[in-house]
Amino acid sequence: MVMPMSLMAESRVGNIYWTPQNATVNGLATDGILNFIFWLTTSVFVAVQVVYIYYLVKYRRRPGVKAHYSHGNNKLEIIWTTLPTLIFLGLAIYGNRVWYNIHRPAPADALNVEIVGYQFAWDMRYPGTSGVLARSDVRKISLDNKFGIDPTDPHAKEDFSTTELVIPVGKPVHIFLRSRDVIHSFYVPEFRLYQDAVPGRTIAWVWFRTLRMGNFQLACSQLCGKGHYNMKAPIRVVSQKEYDTWYAEKVKKPNIVIGNSSIISQ
Amino acid sequence: MNVSVTPDIDLALDHPIALETHHHSEKKGIMHYLWSYDHKMIGLQYLWTAFLFFLLGGALAMAVRYQLGFPNHPVPLIGRFLPSTLASDDGTIIPGGYNMLVTMHATIMVFFVVMPLLIGAFGNYLIPLKIGAGDMAFPLLNEVSYWLYVISGFFILAAFFAPGGAPGTGWTAYAPLSAVAIYNQTQVGQSLWGIAIFINGLASIAGATNYITTIITMRAPGMTMFRLPLTVWSLLITSILLIFAVPVLSAAAAMLFFDLNFGTSFFKPAGGGQPLLWQHLFWFFGHPEVYIMILPAMGLVSEIMPVFARKPVFGYKAMVYAMASIGLLGFIVWGHHMFVSGMNLTLSATFAVSTMVIAVPSGIKTFNWLGTVWKGSIEYTVPMCFTLAFVSMFVIGGLSGIFMASTPVDLFVHHTYFIVAHFHYVLFGGSLFAIFSGIYFWFPKMFSRMMNPTLGMIHFIATFLFFNLTFFPMHNLGLGGMMRRIADPTVYEHLRQLQPLNVICTIGAFGLGLSTLVFFVNLFYSIFKGPQAPDNPWLATTLEWTISSPPGHGNFPITPIVYNGPYEYSVPGMDKDYLPQNEKAPTNIQLEIH
């Protein structure tokens, strides 16, 4: 059974866990703590197993050798309660610091892109040259107003939509995440990012800055129905020049229909 | 028969105990097996029914693994007979069908296999025996609980035959996918699932009530709380968790049923509802649920290890406090399933702290298990092998939990195969290994025969090897970016390179299936043809080993009086290396009080 190796797929890092190579600034901190936890847990595991197996071999039943009658040792209990508690609390603090850093507010000059999931594909909405996405409301989403755009907004007619995410390398990108029907999720392993897209609201705390160019795939990673397994979209991280060219072409032809029927999704 | 309480017994009874056992007529014939007030028969009813569901749940897992290992290949042999909701005409599993297989595999394993085995079977069989009681506090409620479980089983099986098929929303059934018919396209199946969960929950609540009452009020004289075997402690704490957690699931299931069928909007945003409400309700149950599934397993293992190490449990009181901490903390960590759900980010950070802290009591227990084998005299029987392996597998599962407890790492591994690896290590390497250990250990008490040790050792070695072959690579798959619940990983370019790992997991899974067959062959053969077992083949100290195998109706001809803790092995100065709980130590012997 031969699997065609796609030329677009990134090569794996030669690290021990085969993570796909990181592509974002926030991913550096994530990989840092992932590494730390890996070495911590591996050391603990090895130490415990070595001691355990040593005991299992040394204290196997032998004729004439009696087991040692002991109900325990309170001092040991205190040690192996307080020490791990301190370590775990430290780990929690470390993790939360990285968490808050990843979720700090996006820079003001970030590229705003709205990503909307629906059974079973993705729509992206880019702002017009103002850089500001037209005002919209999830409750206005309907069959002929797929983004719920407020038609009275001055930027309403400038936005355009695509089915692929194209972004310039090195620039912060601020994602506005939505769903039209069920819970989907935005997941890009190379970006070390995951966020559920919940219907009925817009989640605005996902942003990232890429470190390198490449082709990636956005994967829906929250079970969303029969087509969940195939709910993907291309992500292209390109040079600023290539992005500018692409953007200039797209912004000339805003393609979003803003109707006003009152059919709303469930 | 009543025994008067004499003044020179060291008693510290919390409550008056019922010395009078229930008198009910013994039924004869087939009714004896179908309707019984005897906790031992009810325990065996749970055992056999759960084993049937185990075979089904395992078969579903095989189908899942086949599709993941060899996507879009027709399933050999049985593929063409699968219903159209699961597979196409030539037997290839279809995407919607894959979701159904995953959903039903998990639902069945959690609610119809692991809980009924640990709590229904072992709980029922062992609690009265180990506390010196004649039966449970509420024998009729006990049997009703079993039949509620069976009825819930009929509903879950019916879901497979519903128009549209079984639900494919995961055992977690997130709304609004599960709450809106046009989104899930399995309205009937999802509804039947909800009914099954609800009725199954009633059985759990009733059973928990029975166990708590029995343990508190029906202990034999001298059986103080700190002389209780750890299995009993684990089931007491588990029962308390059930009482508080299951009603929340029942309420959520009812709300889901209403959203799906009666136009309410608990979870639908268009009607003013909140999708995240389902997740909070489900996981408020769901997290204690996983401790419900591991605590009895820890109890069983803590019971069996001292017998074959011929040593008391190291740190008995610490073990009790650790289990109680796990139970208590288990109620304030549910948000760690929702770090990336859209929940408030600070709330996520708070749950991360409590989640890290809950690792501590599990660590305490692991160190105490190591202390139990330290300077022991270890005999490698089949139950001991599974018990010893439990410790290692549980440690792996627990350590992988540290990764996902860390909020930024969870951003990377959430809903990937890293999670699948984690929970299979604790549920299979943990709970199921403990169940196997318990079966081999108490089989002689239940059936007065011994299981075949050679087949048992083959089962153990094969299971250990194939289990790790199946689930260890899933850590890599998850860190490599493979998501959960996807019918065909090769659809994603970044996952195609990982496909060989999926093949390895699939081969391991088939090996696991074959290993389990060895177990069942041994089980059934030994029931009918196994060598006769003495009343106490393992020379163990707890009360069930002081009576006949199997125990008669009412268990104890004379109510036992308990003088010692449950693990007095290798007491210095004694001739024999164990002191049963109902035997006074010789006058010159000084026991350590734990």
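How many residues does the contact take from chain A, and how many from chain B? I began my notebook with this point, and I kept in mind throughout that I was reading a predicted model.

**Entry 1: the contact between the chains**

I looked up the two sides and found that chain A gives 84 residues to the contact, while chain B gives 91 residues. I then asked which elements of chain A give two or more residues to the side that touches chain B. I noted helix H1 (25–58), helix H2 (74–102), strand S7 (193–197), S8 and strand S9 (214–220), each of them in chain A. Sorting the side of chain A that touches chain B by class, I wrote down 46 nonpolar, 26 polar and 12 charged residues.

**Entry 2: confidence**

For the model I recorded an ipTM of 0.93 and a pTM of 0.94. Chain B has an average pLDDT of 94, and 95% of the residues score at least 70. Where in chain B does pLDDT stay under 50? I found this over residues 1–24 of chain B, a stretch for which the model nevertheless has 35 contacts beyond four places in sequence, and I marked that stretch in my notes with its pLDDT under 50.

**Entry 3: the domains of chain A**

I turned to the domain assignment of chain A, which gives domain 1 as 25–102 and domain 2 as 111–252. I looked up the C-alpha centres of these two domains of chain A and found them 42 Å apart. How many residues of domain 1 of chain A are in contact with domain 2 of chain A? I noted five residues of domain 1, which are in contact with five residues of domain 2. By class, the side of domain 1 of chain A that touches domain 2 of chain A has one nonpolar, three polar and one charged residues.

**Entry 4: the sheet in chain A**

I followed an open sheet of five strands in chain A, whose order is S3-S2-S1-S5-S8 and whose pairing is mixed. Its edge strands are S3 (160–162) and S8 (203–209) of chain A, each of which pairs on one side only. From one strand to the next, the twist averages 30°.

**Entry 5: strand S1 and its partners**

Is strand S1 of chain A mostly covered or mostly open? I found that S1(A), residues 111–118, is mostly covered, with six of its eight residues buried. On the side of S5(A), which spans residues 172–179, S1(A) pairs in the parallel sense over seven bridges, and there I located A:Leu111 opposite A:Val173.

With S2(A), residues 121–126, S1(A) pairs in the antiparallel sense over five bridges, and the two strands form a hairpin with two residues between them. I went along this pairing residue by residue: A:Tyr118 stands opposite A:Ala121, A:Val116 faces A:Asp123, and A:Glu114 is placed opposite A:Arg125.

**Entry 6: from S2 to the edge**

Finally I asked how many bridges join S2(A) to S3(A). I counted three bridges, with the two strands running antiparallel, and I noted A:Met124 of S2(A) opposite A:Thr162 in S3(A). I closed the entry at S3(A), one of the edge strands of the sheet.

Notes
Residues are numbered from 1 along each chain as its sequence is written. Chains are lettered from A and ligands numbered from 1 in the order in which they are written. This is a predicted model: local features need pLDDT of at least 70, side-chain atom pairs count only at pLDDT 80 or more; totals for chains, interfaces and linings use all residues. A residue is buried if 20 or more other C-beta atoms lie within 10 Å of its own, exposed if 12 or fewer, and partly exposed in between; C-beta atoms are placed from the backbone. Helices (H or I, at least four residues) and strands (E, at least two) are DSSP runs, numbered from the N terminus. Two strands pair if DSSP finds at least two bridges between them. Axes are lines fitted to C-alpha atoms, for helices over the stretch in contact, and angles run from 0 to 180 degrees between N-to-C directions. Two residues are in contact if their C-beta atoms, placed from the backbone, lie within 7 Å. Ala, Val, Leu, Ile, Met, Phe, Trp, Tyr, Cys and Pro count as nonpolar, Asp, Glu, Lys and Arg as charged, and the others, Gly among them, as polar. Domain bounds come from an automatic or database domain assignment. pLDDT is the predictor's confidence in each residue, from 0 to 100.
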